[in-house]
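Here is a short tour of a predicted model, written to be read with the structure open beside you. Please keep the viewer at hand as you go.

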Protein chains: 2
Amino acid sequence: MTEPDIFRALADPTRRQMLERLSAGERNATELREGLAISQPAVSQHIAVLRGAGLIEERKTGRQMLYRIRPDGLAPVVDWLTRYRAFWPERIDRLKTLLKEMDQ
Amino acid sequence: MTEPDIFRALADPTRRQMLERLSAGERNATELREGLAISQPAVSQHIAVLRGAGLIEERKTGRQMLYRIRPDGLAPVVDWLTRYRAFWPERIDRLKTLLKEMDQ
DNA sequence: GTGATACATAAGTTGATTCTTATGTGTTTT
DNA sequence: AAAACACATAAGAATCAACTTATGTATCAC
């Protein structure tokens with residue numbers, strides 16, 4: 001769950017896709033696999049990487065595991081990004097707009 | 001300079017270190033190498049990856065190349081991150097504070 | 001209890017990444 | 001013009017990441 005782990009975890013498109021799926025809510029491993037042309041163990045291994053990076057957490061329900069995004073997992077990325085804020089002046093505006101919307 | 005390229009480029013600690021160095025201003029390849037226990041070609045190769053991801057740009061000055069962060073290079077990461085904003089409520093506050101500071 | 005289901009772990013293979021040394025191109029110095 | 005410097009590119013070696021098949025553990029359905 002250190003910074004290098006997180007960037008490594010995010011480097012893989014399959015794992016980003018899984019995160020995307022989880023952003024809509026809890027999913028089990030089988031659901032996370034849907035549409036991905038990879039084996040079940042491969043999914044388990046990706047999950048282990050995401051978990052090791054602190055990006056997801058899980059709860060056991062019967063024989064399945066329900067995975068969800070760990071709320072603060074992306075914080076190190078946000079922190080890292082803010083160090084480069086001077087270089088994305090344009091995007092700042094978008095964020096401002098976004099934050100305003102969220103205030104309402 | 002597609003999203004996968006960017007995440008892949010950021011996955012390497014050496015390249016993040018180089019970016020960090022560039023965040024302080026323009027550097028040539030030799031300066032980027034300082035303190036890194038890798039060969040000169042290795043540095044050139046890392047530079048090529050960062051460049052391919054659209055994260056840096058350069059200008060030629062005599063026999064040296066001066067590299068700098070490409071202002072909008074990290075935009076895709078910012079965009080990607082905002083899709084997960086619901087999951088970092090705490091960091092939002094930091095950003096708000098940050099943006100307020102920048103307004104002054 | 002037996003069989004099926006959901007997931008994890010082990011071990012090995014393959015392909016991608018990162019490094020090295022060797023060499024090439026262009027620029028500056030003497 | 002020759003030597004030194006700054007960097008890039010090529011080719012090959014070593015390491016790492018992602019996948020596979022095989023197998024293990026726990027839970028559920030019958």
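## Where protein meets DNA

A base oxygen of DNA strand D sits 3.4 Å from an N or O atom in the side chain of A:Arg63. That makes a good starting point, since it is a polar contact, meaning a pair of N or O atoms within 3.5 Å; within protein, one atom must be able to donate a hydrogen and the other to accept it, and residues adjacent in sequence count only if both atoms are side-chain atoms. The table puts this contact beside two that involve phosphate oxygens of the strand.

| Residue | Protein atom | Atom of DNA strand D | Distance |
|---|---|---|---|
| A:Arg63 | side-chain N or O | base oxygen | 3.4 Å |
| A:Asp12 | polar side-chain atom | phosphate oxygen | 3.1 Å |
| B:Met65 | polar backbone atom | phosphate oxygen | 3.5 Å |

A word on conventions: residues are numbered from 1 along each chain as its sequence is written, while chains are lettered from A and ligands numbered from 1 in the order in which they are written. Because the model is predicted, local features need pLDDT of at least 70 and side-chain atom pairs count only at pLDDT 80 or more, whereas totals for chains, interfaces and linings use all residues; side-chain values use heavy atoms, with hydrogens and water left out.

Which residues come nearest to DNA strand D? Out of 24 residues around the strand, they are A:Ser39, A:His46, B:Thr30, B:Ser44 and B:Tyr67. A residue is near the strand if one of its heavy atoms lies within 4 Å of it. By class, the surface near DNA strand D has eight nonpolar, ten polar and six charged residues. Here Ala, Val, Leu, Ile, Met, Phe, Trp, Tyr, Cys and Pro count as nonpolar, Asp, Glu, Lys and Arg as charged, and the others, Gly among them, as polar. On the DNA side, 61% of the strand D atoms within 4 Å of the protein belong to sugar or phosphate, and the rest to bases.

At least two residues of this surface come from each of α4 (40–52) of chain A and α3 (29–33), α4 (40–52) and β3 (64–69) of chain B. Helices (H or I, at least four residues) and strands (E, at least two) are DSSP runs, numbered from the N terminus.

Turning to the fold, chain A has six helices and three strands, in the order α-α-β-α-α-β-β-α-α. Of its 104 residues, 39% are buried, that is, under 20% relative accessible area with a 1.4 Å probe and protein chains only.

A:Val77, in helix α5 (residues 75–82) of chain A, is buried at a relative accessible area of 1%. Beyond its neighbours within four places in sequence, A:Val77 is in contact (heavy atoms within 4.5 Å) with A:Ile6, A:Leu10 and B:Leu81.

The structure holds four aromatic pairs over all chains, with ring centres of Phe, Tyr or Trp (its six-membered ring) within 6.5 Å; planes under 30 degrees apart count as stacked, over 60 as edge-to-face and the rest as tilted. The rings of A:Phe7 and A:Trp80 are edge-to-face, with centres 5.1 Å apart and planes at 70°. Because A:Phe7 lies in helix α1 (residues 3–11) and A:Trp80 in helix α5 of chain A, the pair ties together parts 73 residues apart in sequence. Both A:Phe7 and A:Trp80 are buried.

Key. Buried < 20%, exposed > 50% of the residue type's maximum accessible area, 1.4 Å probe, protein only.
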